[in-house]
Amino acid sequence: MATICTYENCTFVETGSCLLNNDPESCPHRDENDKTDAPLPELDPVAISEEPKGKIAIPDSFALTLNQVEDLMTRRYVHLVGILGEPNAGKTAVLLSLYLLLSRNLLKGYSYADSGTLMALDEISQGARIWNEGRLPDQVTTHTKGIDERTAGFIHLRVKSNDSAKRFDITLPDLPGEWTTSLIEKNRRDRLTFLRRADALWIMVNGEELSQPSSRQVVIHRVTLLIQRIAEIIHRETTLILVISRKDRATPDTGAIEAICDEANRRHMDLKVAVIASVSEKESITPGAGVSDLIDLTLRSLRNTPSFWPLDEHHQPEARMLLAYRYKR
Amino acid sequence: MPKQSIILIGGPDSGKTNYLARLWEDLRGGEGKLVAPEVPPDITYVEDALRHLLQGQFAPRSDKGSEELVVGLSIPVVSAGQRDDERGVHTEIAVPDVSGELWRQGIHKCKLPSQWMETVKSSFGALLFVRIGSKQNKEPLDWVTAASILKHAPNLADSDRPTSELLPTGVQLCEYLRLLEHSLSRDTASPRPRVAVLVTAWDRLDPAADKLGPNCYLAKEYPLFSGRLEDIDTIDVKVFGVSVVGGDFVEEEFRTAFFNADLRKTGYVVHHVEDKVEKEFDLTLPVAWLLESLHNHRS
């Protein structure tokens, strides 16, 4: 059972190992007030292992575990996209919107090619994966028996670019907002280590809350904190995108966006911005507005892969190229 | 002669049984691309269905309850051109008919009776059905529903969440294709599997849509499925528009004309040939296309 440690600099949240080699159960520094971990539900081994007589299981297309994503990655290049955002930021809404746009061929510039998780996408469209205080809904549990309830589930999409006919495999996690809250408030990263390998990361922000005077400052503050946490996790080459949702309900405040981007710049991070309306209550804003641009931003930087042998101005002519290679800061 | 299996797959009311009955008639008639030189011993199942058609009714939905595989048709066939040729390759095809309701449940629960799986695994090809205008068809997610889900779902207890066993048709078709991709026979002794997609009740389309052909129909109605068909490279796929009798029996005028016509001259198949859309009065075409790969592989 993972716990949060009050001992300064304890690496438990990152590595699962106590800095003092204490047993997590009895470590005196364990935070007694930590409420982020409900005990794991008792899984009935008989219910999991019993196959109805005479029936053969076929591979399902529910959400992938990280292991299954890695498996997919051995067969073709898969772009791992991380999605962070506090509850109500619009994480599930954007997945739903993407699914609907592809189902009706409305995603500008792209068309559907394949998905290993169509049933999971359909589940989302029935409200089944809308997280309720971090608890995995029952309907999904029945299909993912035996999986740790706190494992991230990944959606897989393969899309074809209409102009270039190139195809891209993308995986997107469907995470509860509570995991982002935990990251911000307690630097809890053990469940988010996969972000280190993310090609792109969407930082979702509720655009309505960002615009309202009463919540504006809180949102800016929380997002900048989040950026600070993210800076310690992600790889430098990861494309960062600030995704502001609810374009139909509020016009994004440029001052607020600048404040957030400034924070990123201070940490030498390049933060792109996308404004979207996953659904829309306003006639003047098309539902799904901005989602196509978001996909463009996500995939475009992936198309410009850095050159394999980058030029290094400090290169000594007589030194060997491999050894002389310096990672540019 | 070794028996080769073709699997009929598709949801309830997608037109499998009616096609099988009509196919039998064209095979027997001997004017299509594929012919049946002899009448096989047991034709009860397919004759039952054909009787309905001859009486001006579409065969009712297959029995929903039984999980047994009913042998719809088991018949030796040969290419029309090789009928009288001693060296002509005769293939005995077995086409089990499975209730569409059971296929639908199978993909929903991701479990199939082992007998079916065995049959799919030993099949070299499949006919995948979707019917235009069927009440069983379900549209993809729409914006109104999406907005409603996002608004209300966080407040619903899990037990109140709407659960529909009915997947959108486009999703169902993708899942059937995924099942076939996973299971159709693919050892080195077999050719690449083929799946013929049959869009039945083609006569229900307006002339403009008819002219554009079945690929365009799928692209417009089922973008997910159409996109997948274009992307898949592990099996060969071809789409056919099919009308079993050329019209709808509910229309009195059509029904009267039908009774006065020769059954073999009713019904047709529409498909893309290079850049053109062609209509042919030969219901054996999709099966002939499936068999092509088998014959090519042998020679």
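Arg249(A) has a relative accessibility of 35% and therefore counts as partly exposed. In this predicted model, its side chain forms a salt bridge with Glu208(A), with the closest N and O atoms 2.9 Å apart. Glu208(A) belongs to helix α8 (residues 207-211) of chain A, while Arg249(A) sits in the loop between β7 and α10 (254-266), so that the pair links distant parts of the chain, 41 residues apart. Glu208(A), at 22% relative accessibility, is also partly exposed; the cut-off for buried is under 20%.

Salt bridges that share partners also form a network, which joins Arg76(A), Asp114(A), Arg158(A), Arg167(A), Asp169(A), Glu181(B), Arg228(B) and Asp231(B). One link in the network runs between the chains: the side chains of Arg167(A) and Asp231(B) meet with N and O 2.7 Å apart. Over all chains, the search finds 35 salt bridges.

Two further pairs in chain A involve the loop between α7 and β6 (200-206). Arg197(A), in this loop, pairs with Glu70(A) at 3.0 Å between the closest N and O atoms. Glu70(A) lies in helix α3 (residues 66-73), and the two partners are 127 residues apart. Arg197(A) is partly exposed at 42% relative accessibility, and Glu70(A) is partly exposed at 29%.

The other pair is Arg189(A) and Glu232(A), whose closest N and O atoms are 3.1 Å apart. Glu232(A) is placed in the loop between α9 and β7 (239-245), so this bridge ties together parts of chain A that are 43 residues apart in sequence. The partners fall into separate classes of exposure: Arg189(A) is buried at 11% relative accessibility, whereas Glu232(A) is partly exposed at 46%.

Before that loop comes helix α7 (residues 177-186) of chain A. Seven of its ten residues are buried, so the helix is largely enclosed by the rest of the structure. The buried residues are Gly177(A), Trp179(A), Thr180(A), Thr181(A), Ser182(A), Leu183(A) and Ile184(A). Their cover includes β2 (78-84), α4 and α9 (213-231) of chain A. Asn187(A) follows the helix and has a positive phi, near 55°.

Chain A as a whole holds twelve helices and eight strands. Half of the chain is enclosed: 50% of its 329 residues count as buried. Of the contacts between residues at least 6 apart in sequence, 73% join residues at least 24 apart. Chain A exposes about 16700 Å², and carbon and sulfur atoms supply 50% of that area.

The largest nonpolar core has 87 residues, and those touching the most other members are Leu172(A), Trp202(A), Trp103(B), Val195(B), Leu218(B) and Phe225(B). Helix α4 (residues 91-103) of chain A gives this core its largest share, nine residues. Beyond its neighbours within four places in sequence, Phe225(B) contacts Leu128(B), Gly170(B), Leu173(B), Cys174(B), Leu177(B), Val197(B) and Leu218(B). Another core, of 43 residues, lies apart from the largest one and has among its members Leu53(B), Leu283(B), Ala288(B) and Trp289(B).

Where the two chains meet, 43 residues of chain B are in contact with 47 residues of chain A. Together the chains bury about 4000 Å², with 61% of this on carbon and sulfur atoms. On the side of chain B, Leu141(B), Trp143(B) and Leu224(B) lose the most area to chain A, together 19% of what that side buries. The interface also contains five salt bridges and eleven residue pairs in polar contact, both residues being at pLDDT 80 or more. The elements of chain B that each supply at least two residues to the side touching chain A are α3 (100-109), β5 (111-113), α4 (114-121), α5 (143-152), α6 (169-183) and α9 (223-231).

One last position in chain B is Lys138(B), found in the loop between β6 (123-131) and α5. Lys138(B) is partly exposed, with a relative accessible area of 29%. Its C-alpha lies 25 Å from that of Gly246(B), a residue 108 places away in sequence.

Definitions and conventions:
Residues numbered from 1 in each chain as written. Chains lettered and ligands numbered in written order. Predicted model: local features only at pLDDT ≥ 70, side-chain atom pairs only at ≥ 80, totals over all residues. Heavy atoms only, no water. Helix = DSSP H or I, 4+ residues; strand = E, 2+ residues; numbered from the N terminus. Buried < 20%, exposed > 50% of the residue type's maximum accessible area, 1.4 Å probe, protein only. Contact = heavy atoms within 4.5 Å. Areas by Shrake-Rupley, 256 points an atom, 1.4 Å probe, with all protein chains shown as cover. Core = buried A, V, L, I, M, F, W, Y, C linked by side-chain atoms within 4.5 Å. Buried area = accessible area lost by both parts, 1.4 Å probe. Salt bridge = Lys/Arg side-chain N within 4 Å of Asp/Glu carboxyl O. Polar contact = N/O pair within 3.5 Å; in protein donor to acceptor, adjacent residues only side chain to side chain.
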